[in-house]
Amino acid sequence: MTRRIAPLPHRHVLTLPARPASVRTARETTQQLLAEWGISPHHPAVDPALLILSELVTNSVRHAASHSPHVTVSYAAGYDTLVFAVHDRHPYQPTLRTTPTGTTAGAATGGASTGLATVAELTSSLAGSAVVHQDGDGGGKSICITLPL
């Protein structure tokens, strides 16, 4: 017998221009959504989630704007799960995995890799998951973060 997974009841999609000001807008929108969905700003996953989101949107703005005039953030939440994905149309597929020393592969190169190391570490510390999904046409990607609440 296959167990059905219930869809998360709260959903929102935010599309922003790939500009630096969009990082703040994404963060503020996330804070507002979490409050509307009854997730306390004092929940231990909220501050790390906001930092992860900020890092991902910042990377899209800094490194993908030439290929992607917009960044899209998709959110979903339930009573025990928060999921968000940041999508851009840059074809580069980053690696999001932690190593035994607590860094991400390629983190020593700085820039986006350092931010992705932070994403991987924070996600791992919360027992969450981070997955990169390539667009069907290979011209973009979504980085999807799932965190338990």
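## Core, sheet and salt bridges

The largest nonpolar core has 33 residues, and the members with the most contacts inside it are Leu53, Leu56, Val57, Tyr75, Phe84 and Ile145. At least two core residues come from each of E1, helix H1 (21–36), helix H2 (46–64), E2, E3, H3 and E5. H2 gives the most, with 8 residues. The model described here is predicted.

Phenylalanine 84 illustrates the packing. Leaving aside residues up to four places away in sequence, phenylalanine 84 touches Ala49, Ile52, Leu53, Leu56, Ser74, Tyr75, Ile143, Cys144, Ile145 and Leu147.

**Overall fold.** The protein chain contains 3 helices and 5 strands, and along the sequence these follow the pattern β-α-α-β-β-α-β-β. Of its 149 residues, 44% count as buried. Among contacts between residues at least 6 apart in sequence, 64% join residues at least 24 apart. The protein chain exposes about 8,200 Å², of which carbon and sulfur atoms supply 56%.

**Strand pairing.** Strand E2 (residues 70–77) pairs with both E1 and E3. Strand E1 (residues 10–17) runs antiparallel to E2 and is joined to it by 8 bridges. Strand E3 (residues 81–88) is also antiparallel to E2, with 6 bridges between them. E2 and E3 form a hairpin, with 3 residues between the two strands. Threonine 72 can be followed across these pairings: its bridge partner in E1 is threonine 15, and its bridge partner in E3 is histidine 87. E2 is mostly covered, as 6 of its 8 residues are buried. In a regular strand, side chains alternate between the two faces of the sheet.

**Salt bridges.** The structure holds 4 salt bridges, including the three in the table.

| Pair | Closest N to O | Separation in sequence |
|---|---|---|
| Lysine 141 and aspartate 88 | 2.8 Å | 53 residues |
| Arginine 89 and aspartate 135 | 2.5 Å | 46 residues |
| Arginine 89 and aspartate 137 | 2.8 Å | 48 residues |

Lysine 141 forms a salt bridge with aspartate 88. Lysine 141 lies in strand E5 (residues 141–148) and aspartate 88 in strand E3, so the pair ties together parts that are 53 residues apart in sequence. Both lysine 141 and aspartate 88 are buried.

Arginine 89 takes part in two of the tabulated pairs, one with aspartate 135 and one with aspartate 137. Arg89, Asp135 and Asp137 are thus linked in a network of salt bridges. The pair of arginine 89 and aspartate 135 links distant parts of the chain: arginine 89 is in the loop between E3 and helix H3 (112–125), and aspartate 135 is in the loop between strand E4 (129–134) and E5. Aspartate 137 also lies in the loop between E4 and E5, so its pairing with arginine 89 ties together parts that are 48 residues apart in sequence.

The three residues of this network fall into separate exposure classes. Arginine 89 is partly exposed, because its relative accessible area of 31% lies between the limits of 20% and 50%. Aspartate 135, at 17% relative accessibility, counts as buried because this value is under 20%. Aspartate 137 is exposed, with a relative accessible area of 55%, which is over 50%.

Notes:
Residues numbered from 1 in each chain as written. Predicted model: local features only at pLDDT ≥ 70, side-chain atom pairs only at ≥ 80, totals over all residues. Heavy atoms only, no water. Buried < 20%, exposed > 50% of the residue type's maximum accessible area, 1.4 Å probe, protein only. Helix = DSSP H or I, 4+ residues; strand = E, 2+ residues; numbered from the N terminus. Pairing = 2+ DSSP bridges. Salt bridge = Lys/Arg side-chain N within 4 Å of Asp/Glu carboxyl O. Core = buried A, V, L, I, M, F, W, Y, C linked by side-chain atoms within 4.5 Å. Contact = heavy atoms within 4.5 Å. Areas by Shrake-Rupley, 256 points an atom, 1.4 Å probe, with all protein chains shown as cover.
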